[in-house]
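Biologist: I am new to this structure and should like to learn how its features are read. Please guide me through them.

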Amino acid sequence: MADARTKIAELDPVWSRILEEAEDAVQAEPLLGGLVHSSILHHATLERALAYRVSLKLASGEMSEQILREIADEGYNTDPALGAAARADIVAVYERDPACHRLLQPLLYFKGFQAVQAYRLGHWLWEQGRHDLAYFIQMRVSEVYGVDIHPAARIGRGIMIDHAHSIVVGETAVVGDNVSMLHSVTLGGTGKEDHDRHPKIGDGVLIGAGAKVLGNIEIGACTRIAAGSVVLENVPPKKTVAGVPARIVGEAGCSQPATSMDQLFLSKT
């Protein structure tokens, strides 16, 4: 077992770390043994664990856990990018969320991380032309996690959605890599248009709680959007915007707002 663990550590340090944390968690709280074993220790890879966790959460009387598990396993086996994105996401949560102290927490407890992984499977189905099944995944993610991401939306890697309540991402939205957003964020349209109508969020953007970004507009890389803002126009890179409607109120304040999670704008007055 020690030799196998060493090989896993060399090939997949994220999964190796999760396994070690899971064993420690069982020792610290034996009552969680069933949960931790079924969700983590029973599985050979992070992909298998994710397939189990997502299918368990999204199962309903309309779609069994077994069928969803088969769909998820197919996705992870077919597209290695799904697993790579999941690793980037889980590390992003660990590094940016001060409430996250172990890599196993997002996998077991954080609905933002779990919802994004379920969306990724829905997006994979959408790209395969299996639109109705993708819509079903979207519906269940919305019902279970309170996160509504259209399966056609394109979302990069290293995504952290903190608290993740009432998140809405529209059909033609694009979100870059290493983006952080808090609860009640909307990336929506402005009317009934049926063409490209949703925001394009650059890499490294930080979107504060309750912010609404509306329309086919571009938000430049490494920008900060203040909590409660309503953004209706393009924003250049590395700026801070705030207000209703949002206006540029200064520079981003740092090179990587989404990583630093610094949401304060200090006025010079």
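**Reading a helix and its salt bridges**

Modeller: Let us begin just after helix α8, where Gly129 takes a positive phi of about 85°. Please keep in mind that this is a predicted model.

Biologist: What should helix α8 span, and how far apart are its end C-alpha atoms?

Modeller: Helix α8 comprises 17 residues, 111–127; at 1.5 Å a residue it should span 24 Å, and its end C-alpha atoms are 24 Å apart, which agrees.

Biologist: How many residues of α8 are buried?

Modeller: The helix is mostly covered, with 15 of its 17 residues buried.

Biologist: How many salt bridges does the structure hold?

Modeller: Side chains of opposite charge can pair when their charged atoms come close. The structure holds eleven salt bridges. In one of them, Arg87 pairs with Asp12, and the closest N and O atoms are 2.5 Å apart. Arg87 lies in helix α6 and Asp12 in the loop between α1 and α2, so the pair ties together parts that are 75 residues apart in sequence.

Biologist: Is Arg87 buried or exposed?

Modeller: Arg87 counts as buried, because its relative accessibility is 16% and the cut-off for buried is under 20%. Asp12 is also buried, at 14%.

Biologist: Where do Arg17 and Glu21 lie with respect to each other?

Modeller: In an α-helix there are 3.6 residues a turn, so residues three or four places apart point the same way. Arg17 and Glu21 are four residues apart in helix α2, separated by about one helical turn. They form a salt bridge, with the closest N and O atoms 2.9 Å apart. Arg17 is partly exposed, at 33%, whereas Glu21 is buried, at 8%.

How values were computed:
Residues are numbered from 1 along each chain as its sequence is written. This is a predicted model: local features need pLDDT of at least 70, side-chain atom pairs count only at pLDDT 80 or more; totals for chains, interfaces and linings use all residues. Side-chain values use heavy atoms; hydrogens and water are left out. Helices (H or I, at least four residues) and strands (E, at least two) are DSSP runs, numbered from the N terminus. The expected span of a helix is 1.5 Å times one less than its number of residues. Buried means under 20% relative accessible area, exposed over 50%, partly exposed in between (1.4 Å probe, protein chains only). A salt bridge is a side-chain nitrogen of Lys or Arg within 4 Å of a carboxyl oxygen of Asp or Glu.
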